[in-house]
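These entries record what I looked up, in the order in which I looked it up.

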Amino acid sequence: MNYQEYKYFSEKDFEKCTPSCTLSDMNHSFIKKLDIARMVAHTPFKLSSAFRSKIWEQEQGRNGTSSHTKGLAVDIVANNSATRYLIISALLSVGLTRIGLGKNFIHVDMDEEKSQNVIWHYYG
């Protein structure tokens, strides 16, 4: 895999995630789409989470079936409505249609084993 083909993402972006991971943990086709979406959005995509092992997920009290465990999901920091709009519009424009909204982040994944064309929220 040639990581130089990503214009906007590098190992550094994934090392800063919680938990830390590597670019090679991620699905190449997904990161290519994410890279194009970043170009379309004209705003940085700061990743807060990307790949998570099933063990890490379970240690957090989750069931371990997250799309993050397949390298098919990231969470992007989004602290205001204008940034959320730019990111979501760009994600949809490149065909990423599984989007979750948190208070300060946007989850996006490309997990074809799950329902498509959905937007959900994490608000209690």
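Entry 1: surface patch. I joined nonpolar side chains into a patch when they lie within 5 Å, taking residues with over 30% relative accessible area and no salt bridge. The model is a predicted one. I found that I36, M39 and V40 form such a nonpolar patch on the surface, with about 240 Å² of accessible area together. I placed V40 in helix 2, residues 28–41. I noted V40 as partly exposed, because its relative accessibility is 38%.

Entry 2: helix 2. I counted 14 residues in helix 2, and I computed a reach of 20 Å from its first C-alpha to its last, close to the 20 Å expected at 1.5 Å a residue. I then listed its buried residues: F30, I31, L34, D35, A37, R38 and A41. Viewed down the axis of helix 2, these fall within an arc of 165°, so I recorded that they line one face of the helix. Which elements cover this buried set? I found that the cover includes helix 1 (11–15), strand 2, helix 4 and strand 4.

Entry 3: helix 4. I checked the span of helix 4, residues 81–93: its 13 residues should cover 18 Å at 1.5 Å a residue, and the end C-alpha atoms are 18 Å apart, which agrees. I listed T83, I87, I88, A90 and L91 as buried in helix 4. They cover an arc of only 165° around the axis, which puts them on the same side of helix 4. On the face turned away from that buried side I noted the exposed residues S81 and Y85. I recorded that the buried residues of helix 4 pack against helix 2, strand 2 (73–77), strand 3 (98–101) and strand 4 (105–109).

Entry 4: salt bridges. Side chains of opposite charge can pair when their charged atoms come close. How many salt bridges does the model hold, with the cut-off set at 4 Å from nitrogen to carboxyl oxygen? I obtained a count of 8 salt bridges.

I looked up the pair K32 and E5, whose closest N and O atoms are 3.7 Å apart. K32 lies in helix 2 and E5 in the segment before helix 1, so this salt bridge ties together parts that are 27 residues apart in sequence. I noted E5 as partly exposed, because its relative accessibility is 34%. I noted K32 as partly exposed too, at 28% relative accessibility.

I next took the salt bridge between the side chains of D75 and R52, at 3.1 Å from N to O. This pair links distant parts of the chain, with D75 in strand 2 and R52 in the loop between strand 1 (47–49) and helix 3 (54–59), 23 residues apart. I recorded D75 as buried at 7% relative accessibility. I recorded R52 as buried at 10% relative accessibility.

I then turned to D109 and R98, which form a salt bridge with the closest N and O atoms 2.6 Å apart. D109 lies in strand 4 and R98 in strand 3, so the pair ties together parts that are 11 residues apart in sequence. I found D109 to be buried, with a relative accessible area of 2%. I found R98 to be buried at 8% relative accessibility.

I also noted that salt bridges sharing partners join R52, E57, R62 and D75 into one network.

Entry 5: E57 and P19. I placed E57 in helix 3 and recorded E57 as buried, with a relative accessible area of 2%. Which residues does E57 touch, not counting residues up to four places away in sequence? I found R52, R62, G64, S66 and T69. I also recorded that E57 and P19 are 38 residues apart in sequence and 9.9 Å apart in space, C-alpha to C-alpha. I placed P19 in the loop between helix 1 and helix 2.

Entry 6: backbone exceptions. Most residues other than glycine have a negative phi, and most peptide bonds are trans. I found a cis peptide bond joining T18 and P19, with omega about -10°. I noted a positive phi near 55° for H42, a residue other than glycine. H42 lies in the loop between helix 2 and strand 1 and is exposed, with a relative accessible area of 69%. I noted that N117 has a positive phi of about 55° although it is not a glycine. N117 lies in the loop between strand 4 and strand 5 (118–121) and is exposed, with a relative accessible area of 64%.

Notes
Residues numbered from 1 in each chain as written. Predicted model: local features only at pLDDT ≥ 70, side-chain atom pairs only at ≥ 80, totals over all residues. Heavy atoms only, no water. Patch = residues over 30% accessible without salt bridge, like charges linked within 9 Å, V, L, I, M, F, W, Y side chains within 5 Å. Areas by Shrake-Rupley, 256 points an atom, 1.4 Å probe, with all protein chains shown as cover. Helix = DSSP H or I, 4+ residues; strand = E, 2+ residues; numbered from the N terminus. Buried < 20%, exposed > 50% of the residue type's maximum accessible area, 1.4 Å probe, protein only. Expected span 1.5 Å × (residues − 1). Arc of directions from axis to C-beta. Contact = heavy atoms within 4.5 Å.
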